[in-house]
Amino acid sequence: MSEILALSNVSVHFPVKGGLPFFRRGVIQAVSDVSLTVNQGETFGIVGESGCGKTTLANAMIGMVKPTAGQVFFKGVDLNGLATDEFKKMRRQMQMIFQDPYSSLNPRFNVYQIVSEPMFIRGEDSEEEMKARVVELLQLVGLSADDLYRHPSDFSGGQRQRLGIARAISLNPSFLVCDEPVSALDVSIHAQILNLLVELQEQLNLTYVFISHNLADVKKMCDRMAVMYLGKIMESGGSDKIFKKPLHPYTQALLAAVLDTSFDERREQIVLQGDIPSPINPPAGCRFWQRCPQAMQGCKTVPPDLVEVEEDHFVACHLVNGFPDVPLPEGFEDPVPKQDSQV
Amino acid sequence: MKQVLKLRNLKVVFPTSYGLIRAVESVDLDIGDRECVALVGESGCGKTVTSQAVMRLLETPPAVIRVDSIEFDGQEIKDCSSKEMQEIRGKDMAMIFQDAMTSLNPVMTVGNQIDEMYMRHQGDSKKEAREKTVRALELIGLPEPRARANSFPHQLSGGMRQRVLLAMAFACMPKLIIADEPTTALDVTIQAQVLKTLRGMQQGCGTSLLLVTHDLSVVASIADTVYVMYSGKIVEKAPVKELFTAPYHPYTVGLMAAVPRLDDEKRKFTQIPGTVPHPARKPSGCYFHPRCEYAREICRKEMPPLQSLGGTRKVRCHYPLTAGGESHE
Ligand SMILES: Nc1ncnc2c1ncn2[C@@H]1O[C@H](COP(=O)(O)OP(=O)(O)OP(=O)(O)O)[C@@H](O)[C@H]1O
Ligand SMILES: Nc1ncnc2c1ncn2[C@@H]1O[C@H](COP(=O)(O)OP(=O)(O)OP(=O)(O)O)[C@@H](O)[C@H]1O
Ligand SMILES: [Mg+2]
Ligand SMILES: [Mg+2]
């Protein structure tokens with residue numbers, strides 16, 4: 001199993017612009033100190049709630065945003081150490097499918113123009129070659145040559161997402177980031193698009209990073225995964241291991257929040273209180289403590305490390321790993337009373 | 001059971017340049033007292049148009065509406081003037097839209113917006129209204145409700161805004177609330193919060209609820225009765241538990257299978273083959289037949305009637321399935 005992508009202590013911070021004069025200017029810590037590896041040919045899942053930094057992390061992976069700190073290695077090469085034209089070449093091997101099929105396609109372009117745009121920019125193919133390739137791609141994603149001159153507005157959401165996929169694989173990438181490819185679609189279309197992704201992966205030998213907030217999708221799609229909360233990884237590793245034995249209270253809550261249609265065994269619902277706090281001034285200790293049903297006093301101030309608890313299973317939680325060997329506040333293992341913890 | 005809503009033979013069409021769109025075709029809908037009724041189906045099947053027709057919110061034109069009866073709380077409202085309707089909508093019927101940000105006034109604090117509901121519809125003084133607002137915000141689980149009442153919508157998160165909308169909808173204790181995809185834009189954990197709040201408030205206030213959604217897992221967690229809609233027609237109606245344990249219509253089976261489950265070990269996702277027909281070019285016979293694995297000759301020719309099948313269940317299918325998934329002869 002060889003590694004295709006590695007992140008080493010990657011952070012991405014955005015400055016907060018403007019704001020009111022009496023507010024301290026801050027930074028949004030969209031991604032904080034993330035390290036992970038993605039292996040050749042696998043699907044790596046990233047899960048977490050809205051705003052936790054999934055898209056930002058994905059953009060950092062393919063060099064679309066520059067990390068504030070840390071490094072991104074693709075096939076062993078540090079992306080940010082590359083000269084512009086070398087980076088462009090490398091970038092062709094890494095493509096992205098976007099979250100919103102309604103706004104990610106240019107409405108004035110027809111299907112041919114949309115799908116051939118990456119080839120057009122590369123500028124190596126003749127018009128005939130491009131047309132033949134586009135027809136081939138359309139068939140691959142379940143559309144047809146008849147659709148060549150139609151516009152995005154003529155297509156349903158699921159069909160638009162197919163166009164986005166055709167475009168993303170047009171340059172034969174080896175690495176594809178799928179950013180919530182089905183979140184904006186109907187349940188019945190979910191399955192069609194996800195099955196298409198699985199088929200393409202087998203045919204074209206692709207490596208996927210699959211971003212989602214639905215754990216049921218991730219369970220089916222992914223070999224390995226990371227659970228993110230407020231810019232940090234809470235739990236990561238082999239998805240079999242995580243689904244069999246979720247250790248972080250946040251992972252457990254996400255699992256409990258997956259609704260299904262069974263009536264025989266109603267699962268116990270852990271409904272998380274409160275909402276995700278602002279990433280501008282994230283909590284000092286564990287970022288999840290305010291919503292954690294099992295938070296302890298020490299969790300407020302001592303940040304947990306991501307520790308390997310079994311082979312390829314990492315978790316960042318004091319409940320699992322115990323507190324580190326640092327000066328700890330009095331009563332650090334006392335539970336946090338309920339009214340303190342809501343955000 | 002007392003009926004809160006009795007809709008009979010609703011038809012809505014949109015004449016367009018590329019043909020007549022029959023968005024809703026002869027839909028009947030019954031909502032009982034304190035009942036939560038779900039209307040489910042894929043995008044474009046006519047859920048929103050149906051619910052807006054009930055509230056008389058559809059613009060005519062472009063819509064052309066024919067309906068035999070809209071009986072709301074014992075009163076025929078299909079011919080009410082727009083002024084009378086406005087009165088009813090504020091007081092006895094409320095609507096929760098998918099996008100909370102656009103349904104709230106951005107330049108008014110959420111507290112003042114809810115106060116206004118009480119002042120306008122229950123004749124409360126500002127002070128009485130605020131007390132009720134704080135209680136309502138507490139009920140929907142907003143921490144520090146008295147302070148939070150002074151927040152503007154943009155200062156709240158998506159889940160909080162959606163719950164503020166719930167508080168507003170329930171403020172006047174309406175008889176019926178129509179919620180169109182109330183949780184679709186929300187994260188899974190927040191969705192769980194909002195659904196729990198919605199169910200709790202509905203039971204606590206004795207309100208009836210019409211829930212519009214494409215997600216059967218949401219239906220399973222909250223509805224009492226389910227109507228499944230396909231391409232403008234009701235194809236199945238059943239009490240929620242019966243629907244999920246023994247669906248009759250092949251489309252319902254397909255929708256259920258499409259919800260990914262955590263306890264499923266297969267790597268493949270179950271899908272319904274094909275796509276929804278274009279609303280201006282619906283197929284002959286049963287609209288679902290091109291996607292149905294059980295379709296036979298008659299299904300291609302004749303639209304099946306919505307037949308009653310045991311107790312309160314209804315199904316529009318020539319060969320409804322039995323509990324084992326086998327086709328009835
Ligand atoms: N260009 C930017 N400038 C400033 N802040 C940004 C920028 N991009 C993202 N952010 C902020 O960084 C945080 C993480 O955003 P990101 O889009 O990565 O989240 P996400 O996990 O993809 O969420 P979603 O599920 O809603 O897509 C958010 O608080 C967001 O507001
Ligand atoms: N103003 C309009 N003009 C023309 N057609 C319309 C108009 N409004 C709705 N329609 C059509 O009526 C049909 C039903 O639409 P409706 O919005 O009720 O679907 P829905 O079931 O709510 O779908 P979704 O899940 O996407 O919200 C669709 O085919 C739609 O294109
Ligand atoms: Mg995103
Ligand atoms: Mg709708």
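How far does a backbone N or O atom of Gly53(A) lie from an oxygen atom of ligand 1? The distance is 3.0 Å. This value, like the others below, comes from a predicted model. The ligand is a good place to begin, and the rest of its surroundings can be followed from there.

Lys54(A) also offers a backbone N or O atom to ligand 1, at 2.8 Å from an oxygen atom of the ligand. With Glu180(A), by contrast, the atom is a polar one of the side chain, and it lies 3.0 Å from an oxygen atom of ligand 1. The protein covers 66% of the 640 Å² of accessible area that ligand 1 has on its own. Two elements of chain A give two or more residues each to the shell around this ligand: strand E2, residues 27-39, and helix H1, residues 54-61. H1(A) has the largest share, with three residues. In total, 14 residues surround ligand 1, and Ser50(A), Gly51(A), Lys54(A), Thr55(A) and Thr56(A) are the closest. By type, the shell holds five nonpolar, six polar and three charged residues.

Next comes ligand 2 and its surroundings in chain B. Here 15 residues surround the ligand, the closest being Ser43(B), Gly44(B), Lys47(B), Thr48(B) and Val49(B). Backbone atoms appear again in the list of short distances. A backbone N or O atom of Gly46(B) is 3.0 Å from an oxygen atom of ligand 2. For Lys47(B) the corresponding distance to an oxygen atom of the ligand is 2.9 Å, and for a backbone N or O atom of Val49(B) it is 2.9 Å. Of the 640 Å² of accessible area that ligand 2 has on its own, the protein covers 68%. The elements of chain B that give two or more residues to this shell are strand E1 (3-16), strand E2 (19-32) and helix H1 (47-54). The largest share, three residues, belongs to H1(B). Sorted by type, the shell around ligand 2 has seven nonpolar, five polar and three charged residues.

The two chains also touch each other. How many residues of each chain take part in this contact? In chain A there are 45, and they meet 48 residues of chain B. About 4100 Å² of area is buried between the chains, and carbon and sulfur atoms give 56% of it. The rule finds zero salt bridges across this interface. Polar contacts are present, with a count of three residue pairs, both residues of each pair being at pLDDT 80 or more. On the side of chain A that touches chain B, helix H6 (187-204), helix H7 (215-221) and helix H9 (249-257) each supply at least two residues. H6(A) gives the most, with ten residues. The residues on this side of chain A divide into 20 nonpolar, 13 polar and twelve charged.

A few details of the backbone remain. In chain B, the peptide bond from Thr60(B) to Pro61(B) is cis, with omega near -10°. Another cis peptide bond joins Pro61(B) and Pro62(B), where omega is about 10°. Pro61(B) sits in the loop between H1 and strand E4 (64-66) of chain B, and Pro62(B) lies in the loop between H1 and E4 of chain B. In chain A, the residue to look at is Lys75(A), which is not a glycine but has a positive phi of about 50°. Lys75(A) is in the loop between strand E4 (69-74) and strand E5 (77-78) of chain A.

Conventions. Residues numbered from 1 in each chain as written. Chains lettered and ligands numbered in written order. Predicted model: local features only at pLDDT ≥ 70, side-chain atom pairs only at ≥ 80, totals over all residues. Heavy atoms only, no water. Contact = heavy atoms within 4.5 Å. Buried area = accessible area lost by both parts, 1.4 Å probe. Salt bridge = Lys/Arg side-chain N within 4 Å of Asp/Glu carboxyl O. Polar contact = N/O pair within 3.5 Å; in protein donor to acceptor, adjacent residues only side chain to side chain. Helix = DSSP H or I, 4+ residues; strand = E, 2+ residues; numbered from the N terminus. Nonpolar A, V, L, I, M, F, W, Y, C, P; charged D, E, K, R; others polar. Near = heavy atom within 4 Å. Areas by Shrake-Rupley, 256 points an atom, 1.4 Å probe, with all protein chains shown as cover.
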